[in-house]
Amino acid sequence: MPRITMKTDNLNERNAEFAQQPLKHPVFLNSVPKSGTHLIRNIMRMFVPVEQQYHATFIQIPNLRGHAGAALNPAKPMLSWGHLLFTDDSAIATHAARHILLVRDPYTWVLARARFFVSENFEANLSHLKGPGVSTEALLNMMIFGIHGKAPPMLDIYQFNAAAWMGTGAKLYRYEDIVRAVKTIDTPEAEVFFRGLLNDCGIDMPADWRERIRVGSDREQSATARENLSVDNSSIPDELPDTQKRLVDVAMPGMRALLGYA
């Protein structure tokens, strides 16, 4: 697996600024990689006692059996997070948890994945992608169709990390909706949104919920926020080119509509 370097945050210390109520059920924050994992994780960390937060690892299939007993045990509720694809073991491991499933618009996901692959935070046998020999368009196509033997196509990621979980009890949330609610935190619509998220996690909304979210959503606290990545290739555009949009639609027909983006 590639090695990912991350800066640390001080959210465990900031958590002590707020009165915390014990978690009553395991809560698992699952996500398509590069879909705002750190944003939702850091927000929810402000609503759960630190001692009930599972910081040992991001839970994924390769480490699931070694961590499911501690992170997803209904007798000892914990808040945990990861990129857990759908399979028999993962369905069984998460059956008693409040399961939040975070996705992102595939069009912007391609750009986010590309920026991460060429950042200094991502260490793998792919350093040649950071050089001048790979055009921006070629890099984006690799993010869509994968790199044979080195990186999976986005179809596999969206099928098994997102679509296959739908209809199983996991609550689907979109990254863009969370960002919008954070930016409009003082509106009634944002209150409805976050009340729903907390309710899906089995957490009562406290009176100081806005301040908790402001602390947790601070982009300086996110190791993978765009501005906190050391990116070697600044040519990656802010919007996916039209050709690559069409390629996403060919690679994953119907996926954007399934996730509510069409």
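**Close-up 1. Helix 5 packs against helix 7 at an angle of about 120 degrees.** This is a predicted model, and the first stop is a pair of helices. Helix 5 covers residues 106-117, helix 7 covers residues 154-161, and their axes are 12 Å apart. That angle makes helix 5 oblique to helix 7. As for handedness, helix 5 passes helix 7 in a right-handed crossing. If you'd like to find the contact, look for P106, W109, V110 and R113 in helix 5, which meet M154, I157 and Y158 in helix 7. Sorted by class, this contact of helix 5 with helix 7 has six nonpolar residues, one charged residue and no polar ones.

**Close-up 2. Helix 8 meets helix 9 in a left-handed crossing.** Here we move along to helix 8, residues 175-183, whose axis comes within 9 Å of the axis of helix 9. The two axes cross at roughly 130 degrees, and helix 8 and helix 9 are therefore oblique to each other. On the helix 8 side, the residues to pick out are D177, I178, A181 and V182. Their partners in helix 9 are A190, F193 and F194. By class, the contact of helix 8 with helix 9 counts six nonpolar residues and one charged residue, with no polar ones.

**Close-up 3. Helix 9 and helix 10 cross at roughly 80 degrees.** Stay with helix 9, which runs over residues 188-200, and bring in helix 10, residues 209-216. Their axes come within 12 Å. With the crossing angle at roughly 80 degrees, helix 9 and helix 10 are roughly perpendicular to each other. Helix 9 brings A190, E191 and F194 to this contact, while helix 10 brings W209, R210 and I213. The class count for helix 9 with helix 10 is four nonpolar, two charged and no polar residues. You may recognise A190 and F194 here: they also meet residues of helix 8.

**Close-up 4. The second largest pocket has a volume of about 240 Å³.** Now for a view of an open space and the residues around it. One part of the lining of the second largest pocket is made of A19, Q20, Q21, P22, L23 and K24. F47 lines this pocket too, along with G202, I203, D204, P206 and R212. The lining of the second largest pocket is a mix, with six nonpolar, three polar and three charged residues.

Methods: Residues numbered from 1 in each chain as written. Predicted model: local features only at pLDDT ≥ 70, side-chain atom pairs only at ≥ 80, totals over all residues. Heavy atoms only, no water. Axes fitted to C-alpha atoms, helices over the stretch in contact; angles between N-to-C directions. Helix = DSSP H or I, 4+ residues; strand = E, 2+ residues; numbered from the N terminus. Parallel < 35°, antiparallel > 145°, perpendicular 65-115°, else oblique. Left-handed = near helix turned anticlockwise from the far one by under 90°. Contact = heavy atoms within 4.5 Å. Nonpolar A, V, L, I, M, F, W, Y, C, P; charged D, E, K, R; others polar. 1 Å grid on protein atoms, 1.4 Å probe; cavity = no way out; pocket = protein on both sides within 12 Å on 5 of 7 lines; lining within 4 Å. Points joined across faces, edges and corners; volume = space filled by probe spheres on them.
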